[in-house]
Amino acid sequence: MTLIEKLENDERLSLDEGIALYDLDLFTLGKYANQKRRALHGDKVFFNVNRHINPTNICKDVCKFCAFSAHRKNPNPYTMSHEEILQAVSHSLKEKHITEVHIVSAHNPHTGLEWYLEVFSKIKAKFPSLHVKALTAAEINFLAGEYGLSYDQVIDKMIEHGVDSMPGGGAEIFDEGVREYICKGKVSSQQWLEIHEKWHQRGKESNATMLFGHVEKREHRIDHMLRLRALQDKTHGFNAFIPLVYQRDNNYLHVDDFLSSTEILKTFAISRLMLDNIAHIKAYWATSTINLALVAMEYGADDLDGTIEVESIQSAAGAKSAHGLGLQTILELIHTSGFQAIERDSLYHELKHHTLS
Ligand code: V47
C-alpha cells in the first residue's frame, strides 16, 4: 500500500512512513492532517485561561538550549517565596479568572524538597477549585535523586500535596545521541517515559512535549512521537502533544539555521497523523508565534494552550511571549481565523463556547 493510500484509509504509520511524510508537499500533508483534526474536533480551537509561574531559575542541570536557568548568560538568579507565588495566583484568579496554574521550575538544589511541595498544598488550601499542573518529569527525576526518593514516592507526595496533572516538559528529544549533546545529565528518555507511566497508572493525566528545530533530524522527531505513541497505547494518559519550536537566543546551542514556517507546519501536521491515540495537538503560541499557531489550526493542531499571563522560559530565549495574551485577543484571533473558540479546563472538559461580543 502506498503512503497516500495509507493516509486515505487512516492507517497507522511506521517510522519510515513518518519520515517520508516530510517529503509530501505542505498542502497534501495539510489536507490529511486537517481531515483528521476536523474528524476529531470539527472547527473547535481549545484554549484555557491559565497562568504560568516559574518560581526559581536556579538550576543544577545545564541544558545547552536553556536561556532561563541562572547561569553565565542569565546572571539574575531568583527564587520566589511561597507568599509571592500565592499572591501571583490570587491576583490572576481575581483579575483574570484563571482555572489553572502551571508551575514549572528549574532544578534548584538549595530550597529543599518541602519548598517544592508545600506551595502546592498552600495553593490548594486557599484556592481549592484551581487546577494545579506542576512538576515535569525532569523535575521529578531531580527531586528523587537529590533527596534519595523513588519516583513512586515523589509522585505520591505530589498527589498528596494537591498536584492535579503533570505538564509535558523535559521530554526534549528522546534520541539518546541528540539528548546527550543538548542536555547531558538530565532525566533520560527512558526515565521520562517511566515517570509518566507511573503517573498515568494512578489514573492521572499529563502532556508530552517535543523540543524541535535545533540539532535534531526529522527521523528523531518521528522516533520521539513513536515512543510516546507506544506508551499511550499502554496507559491512555496523555491529553496533548506539544511540539515546542526551539528559540535560539542567549543559550549555548549556537544553532544558525532557523526552521522555516513550512517545516514547523509540516511537523504539526505529521504529529496529528502519527499520534493517532493522543486527542490534542497543542500549538503552544509562545514558541510558534500566535500567527503561525493559528495557521497550525488548519494543519492538524487544535489547541493554543492559554492566556499564560507571564512567561519566562521561552521569552528568555527570544520568544515575544513574556506578557501573555488577553482573553479578548485570543477570542478575536480564533474567530477571525474561522474557528469556534472553546474555553476548556486543564483536562479538556469544555467550559464555555465563546461568541464574540
Ligand atoms: O522542557 C527550554 C522548553 C520546556 C527552550 O504541558 C525551550 O501544557 C524553546 O513544559 N526554546 C518547559 N523551548 C515548558 C513546558 C510546557 C510548555 C507549555 C505547555 C506545557 C504543557 C508544558 O520549555 C522544556 C524545554 O523543552 N524550552 N528552552 C528554548 N530555548
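Here is a friendly exchange about the ligand site and one hairpin of a predicted model.

Modeller: This model is predicted, so local features need pLDDT of at least 70, side-chain atom pairs count only at pLDDT 80 or more, and totals for chains, interfaces and linings use all residues. Residues are numbered from 1 along each chain as its sequence is written, and side-chain values use heavy atoms, with hydrogens and water left out.

Colleague: How many residues surround the ligand?
Modeller: A residue is near the ligand if one of its heavy atoms lies within 4 Å of it. The closest are Lys-133, Gly-168, Gly-170, Glu-172 and Lys-282. The full count is 21 residues.

Colleague: Which residue has a backbone N or O atom 2.7 Å from an oxygen atom of the ligand?
Modeller: A polar contact here is a pair of N or O atoms within 3.5 Å. A backbone atom of Gly-168 lies 2.8 Å from a ligand oxygen, and a polar backbone atom of Phe-65 is 2.9 Å from a ligand nitrogen. The residue at 2.7 Å is Gly-170.

Colleague: How much of the ligand's accessible area does the protein cover?
Modeller: Accessible areas come from the Shrake-Rupley method with a 1.4 Å probe. On its own, the ligand has 630 Å² of such area. The protein covers 97%.

Colleague: Which element gives the most residues to the shell around the ligand?
Modeller: Strands are DSSP runs of E with at least two residues, and helices are runs of H or I with at least four, numbered from the N terminus. Elements giving two or more residues are β5 (206–212), β6 (238–245) and α14 (313–316). With three residues, the top contributor is β6.

Colleague: What is the bridge partner of Arg-344 in β10?
Modeller: Two strands pair if DSSP finds at least two bridges between them. Strands β9 (residues 340–344) and β10 (residues 350–354) pair in the antiparallel sense over four bridges. The partner of Arg-344 is Glu-350.

Note on methods. A polar contact is a pair of N or O atoms within 3.5 Å; within protein, one must be able to donate a hydrogen and the other to accept it, and residues adjacent in sequence count only if both atoms are side-chain atoms.
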